[in-house]
Amino acid sequence: MKLFYLAFAGVLYLASFAGDAFAQAADHYITIQLKSGPVVIQLLPDVAPKHVAQIEALVKKGEYDNVAFHRVIPGFMAQTGDVKYGNMEKNFDASQAGTGGSDLPDLPAEFSKTPFVRGTVGMARAQDPNSANSQFFIMFADGSFLNGQYTVVGKVVSGMENVDKIKKGEGQNGEVSNPDRMIKVTMGKK
């Protein structure tokens, strides 16, 4: 009987750690309110801890609110997150949107084996792999050519139909005139 109680106590002990892990994972969600409805993204701190921490810090400061989807390429992706030039309520500059970041430092690449598929959220960057800052993109379709080249930070878990409704850009680079925006970005599932 002692062996049974000892085993049972061990199971409870391990379950308490598992519960903590699940509770922590549940904390890594953001909700983006679009004009067509909410988009819930599960961030992946086990895949890209520094990038996820930076996104969460910017969300908590309200930096992503009213930021434009400045580059949207049909069948590929929708890019947003330029908090310096992309805020449509203050300092919006359509000619520079997509060239700025945040006041936080650029991040070293955290490439992984997580594939770019429909709903994947990746960090935008310049030519330098270690130049990601605040901008990110949501994939409309699979993009295996990005695998191992860009940092994956999350995945859309609900609201992909709202992502599909983001105003598309024109031309090869997907620049958007009068773009849609992230109305409000909050931590957690809303």
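These legends describe close-up views of a predicted model.

**Figure 1. The whole chain holds three helices and ten strands.**
The chain has 190 residues, and 45% of these count as buried. Read along the sequence, the order of elements is α-β-β-α-β-β-β-β-β-β-α-β-β. The views below centre on strands β4 to β8 and on two pockets.

**Figure 2. Strand β6 is covered on both faces.**
Strand β6 spans residues 120–123. In a regular strand, side chains alternate between the two faces of the sheet. Thr-120 and Gly-122 lie on one side of β6, with Val-121 and Met-123 on the other. All four of these residues are buried. Strand β6 also has two pairing partners in this view. With β8, residues 152–158, the pairing is antiparallel and runs over three bridges. Here Val-121 stands opposite Gly-154 of β8. With β7, residues 136–139, β6 again runs antiparallel, and three bridges join the two strands. Met-123 has Phe-136 of β7 as its bridge partner.

**Figure 3. Strand β5 pairs with β4 and with β7.**
Strand β5 covers residues 77–80, and β4 covers residues 71–73. Met-77 and Gln-79 point one way from β5, while Ala-78 and Thr-80 point the other way. All of them are buried. Three bridges hold the antiparallel pairing of β4 and β5. Ile-73 has Met-77 of β5 as its bridge partner. The hairpin of β4 and β5 has three residues between the strands. Within that hairpin, Gly-75 takes a positive phi near 75°. Strands β5 and β7 are antiparallel too, over four bridges. On this side, Met-77 stands opposite Met-139 of β7.

**Figure 4. Phe-76 and Phe-145 link distant parts of the chain.**
The structure holds four aromatic pairs. One of them joins Phe-76 and Phe-145 in a tilted arrangement. Their ring centres are 5.7 Å apart, with 35° between the planes. Phe-76 sits in the loop between β4 and β5, and Phe-145 in the loop between β7 and β8. The two residues are 69 residues apart. Is Phe-145 buried or exposed? Phe-145 has a relative accessible area of 56%, so this residue counts as exposed.

**Figure 5. Phe-116, Phe-137 and Tyr-150 form one aromatic cluster.**
Phe-116 and Phe-137 make a stacked pair. The distance is 5.8 Å centre to centre, and the planes are 15° apart. Phe-116 lies in the loop between β5 and β6, and Phe-137 lies in strand β7, so the pair ties together parts that are 21 residues apart in sequence. Both Phe-116 and Phe-137 are buried. Tyr-150 has a charged partner as well. The charged end of Arg-125 sits over the Tyr-150 ring, 4.2 Å from its centre.

**Figure 6. Lys-189 lies over the face of Tyr-29.**
This view shows another charge over a ring. What separates Lys-189 from the ring centre of Tyr-29? The distance is 4.4 Å.

**Figure 7. The largest pocket is lined by 29 residues.**
Rolling a probe the size of a water molecule over the atoms shows where empty space is left. The largest pocket holds about 620 Å³ of space. Which residues lie nearest its centre? They are Arg-71, Gln-79, Gly-98, Arg-125 and Gln-135. Of these, Gln-79 is one of the buried residues of β5. Arg-125 is the residue with its charged end over Tyr-150. By class, the lining has 13 nonpolar, twelve polar and four charged residues.

**Figure 8. The second largest pocket holds about 180 Å³ of space.**
Which residues line this pocket? They are Gly-62, Glu-63, Val-83, Lys-84, Asn-87, Lys-90, Asn-91, Gly-101, Ser-102 and Asp-103. One of these lining residues is nonpolar, five are polar and four are charged.

**Figure 9. Thr-99 lies in the loop between β5 and β6.**
Is Thr-99 buried or exposed? Its relative accessibility is 58%, so Thr-99 counts as exposed. Asp-82 is 17 residues away along the chain. The C-alpha atoms of Thr-99 and Asp-82 are separated by 7.3 Å.

Notes:
Residues are numbered from 1 along each chain as its sequence is written. This is a predicted model: local features need pLDDT of at least 70, side-chain atom pairs count only at pLDDT 80 or more; totals for chains, interfaces and linings use all residues. Side-chain values use heavy atoms; hydrogens and water are left out. On a 1 Å grid over the protein atoms alone, a cavity is a set of points where a 1.4 Å probe fits but cannot get out, and a pocket is an open set with protein on both sides within 12 Å along at least five of seven lines; lining residues have an atom within 4 Å of a point. Grid points are joined across faces, edges and corners, and a volume is the space filled by probe spheres set on the points. Ala, Val, Leu, Ile, Met, Phe, Trp, Tyr, Cys and Pro count as nonpolar, Asp, Glu, Lys and Arg as charged, and the others, Gly among them, as polar. Buried means under 20% relative accessible area, exposed over 50%, partly exposed in between (1.4 Å probe, protein chains only). Two strands pair if DSSP finds at least two bridges between them. Rings of Phe, Tyr and Trp (its six-membered ring) pair if their centres lie within 6.5 Å; planes under 30 degrees apart count as stacked, over 60 as edge-to-face and the rest as tilted. A charge sits over a ring if NZ of Lys or CZ of Arg is within 6 Å of the ring centre and within 35 degrees of the ring normal.
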